[in-house]
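Here are a few exercises to work through with the model open in your viewer. Try each task yourself before you read its solution.

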Amino acid sequence: MNVLYRGCGTRRSNMYDVVIRNAKVVLETGIIESEIGIKDGVIAELSEHISEQGVKEFDAKGQYVFPGAVDVHVHLNEPGRAFWEGFETGSSMFAAGGTTTFVDMPLNGIPSTITEKDLFNKAKLGEEKSIVDFGLWGGLVPGNLQELAGLSKAGCLGFKAFLSPTGNKEFESVGDKDLIEGMDRIAELGKVLALHAESGPMTTFLTEKMKNEHRYSYDDYLASRPIEAEVEAVERAIHFAKITGCPLHFVHISSVAAVSKIEQAKAQGMNISLETCPHYLLFSHEALVDKKNLAKCAPPLRKKEDHLHLRQAMKEGRIDFLTSDHSPCAAELKDASTYSIFDAWGGINGGGVTLLGALQFALEENIDFSHVVNWTAKHPAERFGLSHQKGSIEEGKDADLVFVSLQPHEVTLENMYAKHPLSLYTNERFDARIEAVLASGVNVFSRESGPIQSRTGKWLTA
């Protein structure tokens, strides 16, 4: 790998475990020339010159060092569907993409994470197999109100619910009664509710209409999940939050119209955040027409004009942060020769490109890299109670560090490291690449070697 390291022989008591030399360290306030000393997995010193040696030393000359990405929206499908993606392959893919902390959604495993027992069982698998640290979401589904307190006490970082059909019988969407009662309970527990905000009545009606009329084009799929469905669901949830006081987080927002509704609620002092995903910033509906089912997601990729409006909103700082919404499946479930656009699996296999996508957007829009830190690390860590140890390069925080060079990178089946690497991103080119990754000071990825099974990740609770 381009980040060279050397052992320093016999260890002395005043030596650091790792010293990083000649780094362009990217902070949320700007870029500084600095060296980093790491001791016991933690950043012990950040200064212009470190006199002590390290047992290992990395020369980062010509490269940028970012804090590890904190991706709070991924689906790893274990237990029950590890053949789609489990903790072992998923965490390897995250590490290769510069994500050193992820938070796994309560679906699409079997069982879903909707009880305290389910949470502990999933955490055990993660601690055995993941090479990076992780947190877990709990689920809000019909009939599990009595489980929310146990999930909260056990340490889930928040709760997730769907306002439109999930396509997953193990994790059903909530109706209005379950939603408002769940929000009331979650507010009492002091947690955040994350919402997939699309109107179930609208999307169900339009999907059935398209199928009844034998309309199966990619344009028809886009029309079946219009921006109006996203806006209606966002508005309804905000009204419920006004009554219950429940903090909300809106996932994978795809339209400026929805962003505006959320901004209005924030201006009224409501506790609300929102994310979008790199695929909404980097691709428009034309990618669905070109790449077919590989580009299917919900909400869908938007028309070019709407896509450009979302990019502008991101550029203006109107969106809090980015997540991958990594939603993998067995490759055959995306096969356009077998499944229509309505029946194919509706998720993007993209957990390895959260940081690369943010960097690409910043480079295309001439945005300072400090904003990339906020989008991919600092803001998500703050929102979900992880900022005491994650999200930025500071003394006392975990040494989760990503070495980046401004060299071209092409995503291939070989370097994505997912269980099923075929993706919307396959053969896409980026103007930056990940050279190496440290998780708590341990090397978990290098471009030459790939993911390195050198540690097991910690379960992070709140």
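Two strands pair if DSSP finds at least two bridges between them, and the strands (E, at least two residues) and helices (H or I, at least four) are DSSP runs numbered from the N terminus. This is a predicted model, so local features need pLDDT of at least 70 and side-chain atom pairs count only at pLDDT 80 or more, while totals for chains, interfaces and linings use all residues. Residues are numbered from 1 along each chain as its sequence is written, and side-chain values use heavy atoms, with hydrogens and water left out.

**Exercise 1. Work out the order of the sheet that holds S7, S8 and S9, and find its edges.**

Step 1: the order is S7-S8-S9, an open sheet of three strands with parallel pairing.

Step 2: S7 (69-74) and S9 (133-136) each have a single partner strand, so each has one side without a neighbour in the sheet. From one strand to the next, the twist averages 20°; axes are lines fitted to C-alpha atoms, for helices over the stretch in contact, and angles run from 0 to 180 degrees between N-to-C directions.

Step 3: look at one pairing. Four bridges link S7 and S8 (residues 99-104) in the parallel sense, and Val70 has Thr101 as its bridge partner in S8.

Step 4: add the helix. H1 (residues 87-96) lies across S7, S8 and S9 and runs at about 135° to S8.

**Exercise 2. Follow strand S6 (residues 64-67): which way do its side chains point, and are they buried or exposed?**

Step 1: Tyr64 and Phe66 point one way, Val65 and Pro67 the other, and all are buried (under 20% relative accessible area; exposed is over 50%, partly exposed in between, with a 1.4 Å probe and protein chains only).

Step 2: check the partners. S6 pairs with S2 (residues 16-27) in the parallel sense over two bridges, with Lys24 opposite Tyr64. With S16 (residues 401-405), S6 runs antiparallel, joined by four bridges, and Phe66 sits opposite Val402.

Step 3: stay on S2 for Asn22, which has its place in that strand. Asn22 counts as partly exposed because its relative accessibility is 40%. Its C-alpha is 6.9 Å from that of Glu33, 11 residues away along the chain. Beyond its neighbours within four places in sequence, Asn22 is in contact (heavy atoms within 4.5 Å) with residues including Ser34, Asp59 and Lys61.

**Exercise 3. Map the sheet that contains S10 to S15.**

Step 1: six strands form this open sheet, in the order S10-S11-S12-S13-S14-S15, with parallel pairing. S10 (138-139) and S15 (321-322) are the edge strands, each pairing on one side only.

Step 2: S11 and S12 (residues 193-196) run parallel, joined by four bridges, and Lys160 has Ala194 as its bridge partner.

Step 3: H4 (residues 176-189) packs on the sheet, touching S11, S12 and S13 (248-250), and makes about 150° with the direction of S12.

**Exercise 4. Describe the largest pocket: what is its volume, and which element gives the largest share of its lining?**

Step 1: sort out the terms. On a 1 Å grid over the protein atoms alone, a pocket is an open set of points with protein on both sides within 12 Å along at least five of seven lines, a cavity is a set where a 1.4 Å probe fits but cannot get out, and lining residues have an atom within 4 Å of a point. Grid points are joined across faces, edges and corners, and a volume is the space filled by probe spheres set on the points.

Step 2: the volume of the largest pocket is about 650 Å³. Its lining has 30 residues, and Pro165, Thr166, Gly167, Arg225 and Ala298 lie nearest the centre.

Step 3: S11 (159-162) and H5 (200-212) each supply at least two lining residues, and H5 gives the largest share, five.

**Exercise 5. Now find the enclosed spaces: how many cavities of 30 Å³ or more are there?**

Step 1: there are two.

Step 2: the largest cavity holds about 120 Å³ of space. Among its 14 lining residues, Leu294, Cys329, Lys334, Asn349 and Leu422 are the closest to its centre.

Step 3: the second largest cavity holds about 40 Å³, and its lining includes Pro67, Gly68 and Thr100.
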